[in-house]
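Here are some notes on the model, meant to be read beside the coordinates. They take up two backbone positions and then the nonpolar core.

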Amino acid sequence: MAAVNAVFSRLDSDMLHHVKDISSLFFNRFEKLKEIDSRITDVRGMGLHIGVELSFKGRDLVKKSLENGLIINCTADNVIRIVPPLTITRDEAEEGIALFEKIFSEYREA
């Protein structure tokens, strides 16, 4: 119960504004990446639960990301799921997105 109370004490209006701000950052950057790279077919989700649909199977991209320190996973064979913590800072989000963009731009299917 103490853990639940601690979580709820953090979920105030400032936290909700923070999540909306960081969510917008992620969605805007992934939409821009989609515009320049047709291998991204959709960007969807809500809040900080983000799905990036690919035109190819994403397992090897996940492996390459993990090798570079970025924790993501893949669902339905071709949807990269990104679920950062609610407490992620803007700097951390920008760093993670930049790393994903770099890995993705260099990635070529085997």
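1. A residue is called exposed when its relative accessible area is over 50% and buried when that area is under 20%, with partly exposed in between. Please keep in mind throughout that this is a predicted model.

2. Alanine 76 lies in the loop that links strand E3 (73-75) to E4, and its phi is near 50°, a positive value in a residue other than glycine. The relative accessibility of alanine 76 is 63%, so this residue counts as exposed.

3. Aspartate 77 is also found in the loop between E3 and E4, and this residue has a positive phi of about 70° although it is not a glycine. With a relative accessible area of 47%, aspartate 77 falls into the partly exposed class, because that class covers values between the buried and exposed limits.

4. Turning to the interior, the largest nonpolar core has 28 residues, of which Phe26, Leu61, Ile80 and Phe100 touch the most other members. Two or more residues each are given to this core by helix H2 (13-36), strand E1 (40-46), strand E2 (49-54), helix H3 (59-67), strand E4 (79-82) and helix H4 (90-106). The largest share, eight residues, is supplied by H2.

5. Which residues does phenylalanine 26 touch, not counting those up to four places away in sequence? On that basis, phenylalanine 26 is in contact with Leu48, Ile50, Ile82, Pro84, Ile88, Ala93 and Ile97, and Phe26 is itself one of the core residues that touch the most other members.

Definitions and conventions:
Residues numbered from 1 in each chain as written. Predicted model: local features only at pLDDT ≥ 70, side-chain atom pairs only at ≥ 80, totals over all residues. Heavy atoms only, no water. Core = buried A, V, L, I, M, F, W, Y, C linked by side-chain atoms within 4.5 Å. Buried < 20%, exposed > 50% of the residue type's maximum accessible area, 1.4 Å probe, protein only. Helix = DSSP H or I, 4+ residues; strand = E, 2+ residues; numbered from the N terminus. Contact = heavy atoms within 4.5 Å.
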